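The following exercises concern a single protein chain. Each gives a task and then a solution in steps.

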Amino acid sequence: MQIVSSIEELRSIIKWWRGEGHSIGLVPTMGYLHEGHKSLIVKAVSENDRVVVSDFVNPTQFGPNEDLSSYPRDLSRDAALCEEAGADVVFHPEPEEMYDKGNCTFVDMDSLTKGLCGKTRPTHFRGVCTVVSKLFHIVTPDRAYFGQKDAQQLAVVRRMVRDLNFGISIVGCPIVREEDGLAMSSRNTYLSPKEREAALVLHKSLEIAEGMAKSGEQDAGKLISAIVKSIKSEPLARIDYVELVDAETLEPVKAVKAPILAAIAVYIGKTRLIDNFSFCPEAQ
Ligand code: AMP
């Protein structure tokens with residue numbers, strides 16, 4: 001496995017692979033990898049001849065008061081995990097390599113990015129769409145792998161690929177959780193032991209609502225109230241949002257009649273965590 005930091009070098013590797021007739025999978029990440037990331041890489045390895053994992057803390061997707069400088073980083077640990085999962089290249093560029101001085105071109109989206117995380121993070125998805133587009137142009141993958149953990153990001157990338165004719169298959173992968181249910185996240189490292197315990201409320205509250213939906217509850221208001229009530233029972237938790245939206249358009253729904261996404265963002269102390277579940281009434 002190679003660690004590559006230059007776009008030019010990566011392009012020449014891709015050119016070589018293409019000459020050999022290889023299919024290519026891409027797993028975009030911000031590094032500090034865990035089992036959630038690994039599940040994406042393992043899937044990519046099983047479906048492609050060659051796999052690139054990008055490991056880049058993308059500055060354009062962070063707001064001015066967010067955790068860009070404190071975001072955890074550990075390239076050698078990441079490289080070991082990628083190698084174990086069977087990746088061929090870890091692409092780890094410096095910000096200056098990805099964003100040329102004077103860069104002023106961005107990829108943005110009208111809808112899908114305004115609600116949910118977009119409300120608190122108004123420039124976040126512009127950064128995501130921009131960096132993912134750049135990675136798609138550099139790597140030209142056949143398939144790219146994204147986690148359902150970031151459900152809005154997955155929906156946004158799917159829409160972008162359709163709207164801009166990237167011709168890349170977007171593969172969504174299930175949320176990987178700790179044994180006690182907490183969704184794995186690089187940001188979990190910010191949590192103190194007390195906060196780590198309190199963070200369980202995200203999954204617990206979603207489980208309550210999922211159980212209600214499975215039992216036939218269709219009233220979105222009631223499902224939301226159940227989640228809110230459960231989160232509010234945890235003193236260290238502060239709700240950013242709790243929403244039930246259409247799984248594809250991400251527009252809020254009043255009733256669960258088509259596939260929906262129940263998505264939440266909750267501050268545990270200073271750490272903002274997200275989680276969600278998808279539910280398809282027809283599948284019941
Ligand atoms: P990040 O490094 O947080 O930007 O995440 C990179 C990719 O890994 C994204 O597509 C995430 O949705 C995915 N991912 C992060 N955490 C998990 C998880 N717990 N389960 C599945 N996928 C995840």
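**Exercise 1. Burial of two residues**

Task: Decide whether Ile231 is buried or exposed, and do likewise for Pro235.

Solution. The model is a predicted one.

Step 1. The relative accessible area of Ile231 is 1%. Buried means under 20%, so Ile231 is buried.

Step 2. Ile231 belongs to helix 10, which covers residues 220–232. Beyond its neighbours within four places in sequence, Ile231 is in contact with Val201, Ser205, Ala237, Ile239, Val242, Ile264 and Val266. One of these, Val266, is 35 residues away from Ile231 in sequence, and the two C-alpha atoms are 8.4 Å apart in space.

Step 3. Pro235 has a relative accessible area of 75%. The exposed class begins over 50%, so Pro235 is exposed. Pro235 sits in the loop between helix 10 and strand 7. From Pro235 to Ala44 the separation is 191 residues in sequence and 40 Å in space, C-alpha to C-alpha.

**Exercise 2. Packing of helix 9 against helix 10**

Task: How are helix 9 and helix 10 oriented to each other, parallel or antiparallel?

Solution.

Step 1. Helix 9 spans residues 200–214, and its axis comes within 9 Å of that of helix 10, with a crossing at roughly 150°.

Step 2. Angles over 145 degrees count as roughly antiparallel, so helix 9 is roughly antiparallel to helix 10. The crossing of helix 9 and helix 10 is right-handed.

Step 3. On the side of helix 9, the contact is made by Val201, Lys204, Ser205, Leu206, Ile208, Ala209, Met212 and Ala213. Helix 10 contributes Lys222, Leu223, Ala226, Ile227, Ser230 and Ile231. Val201 and Ser205 of this list are also among the contacts of Ile231 given above.

**Exercise 3. Packing of helix 6 against helix 7**

Task: Classify the arrangement of helix 6 and helix 7 from the angle between them.

Solution.

Step 1. The axes of helix 6 and helix 7 are 11 Å apart, and the two helices pack at an angle of about 55°.

Step 2. This angle makes helix 6 oblique to helix 7. Their crossing is right-handed.

Step 3. The contact involves Phe125, Val128, Cys129, Val132, Ser133 and Phe136 from helix 6, together with Gln152, Gln153, Val156, Val157, Met160 and Val161 from helix 7.

**Exercise 4. The nonpolar cores**

Task: Which element supplies the largest share of the largest nonpolar core, and which residues touch the most other members?

Solution.

Step 1. The largest nonpolar core has 46 residues, of which Leu10, Val52, Met98, Phe136 and Ile170 touch the most other members. Elements supplying at least two residues each include helix 1 (7–19), helix 6 (124–139), helix 7 (151–163) and strand 8 (260–268). Helix 6 gives the largest share, nine residues.

Step 2. Each of domain 1 (2–173) and domain 2 (186–279) provides at least three residues of this core.

Step 3. Outside its neighbours within four places in sequence, Phe136 has contacts that include Leu26, Pro141, Phe146, Phe166, Ile168 and Ile170, as well as Val157, Met160 and Val161.

Step 4. A second, separate core holds 26 residues, among them Val201, Leu223, Ala262 and Ile268.

**Exercise 5. The two domains**

Task: How many residues does each domain bring to the contact between domain 1 and domain 2?

Solution.

Step 1. The domain assignment places residues 2–173 in domain 1 and residues 186–279 in domain 2. Their C-alpha centres are 26 Å apart.

Step 2. Domain 1 brings 22 residues to the contact, and domain 2 brings 19 residues.

Note on methods
Residues are numbered from 1 along each chain as its sequence is written. This is a predicted model: local features need pLDDT of at least 70, side-chain atom pairs count only at pLDDT 80 or more; totals for chains, interfaces and linings use all residues. Side-chain values use heavy atoms; hydrogens and water are left out. A nonpolar core is a set of buried Ala, Val, Leu, Ile, Met, Phe, Trp, Tyr and Cys residues joined through side-chain atoms within 4.5 Å. Buried means under 20% relative accessible area, exposed over 50%, partly exposed in between (1.4 Å probe, protein chains only). Helices (H or I, at least four residues) and strands (E, at least two) are DSSP runs, numbered from the N terminus. Domain bounds come from an automatic or database domain assignment. Contact means heavy atoms within 4.5 Å. Axes are lines fitted to C-alpha atoms, for helices over the stretch in contact, and angles run from 0 to 180 degrees between N-to-C directions. Angles under 35 degrees count as roughly parallel, over 145 as roughly antiparallel, 65 to 115 as roughly perpendicular and the rest as oblique. A crossing is left-handed if the near helix is turned anticlockwise from the far one by less than a right angle, and right-handed if clockwise.
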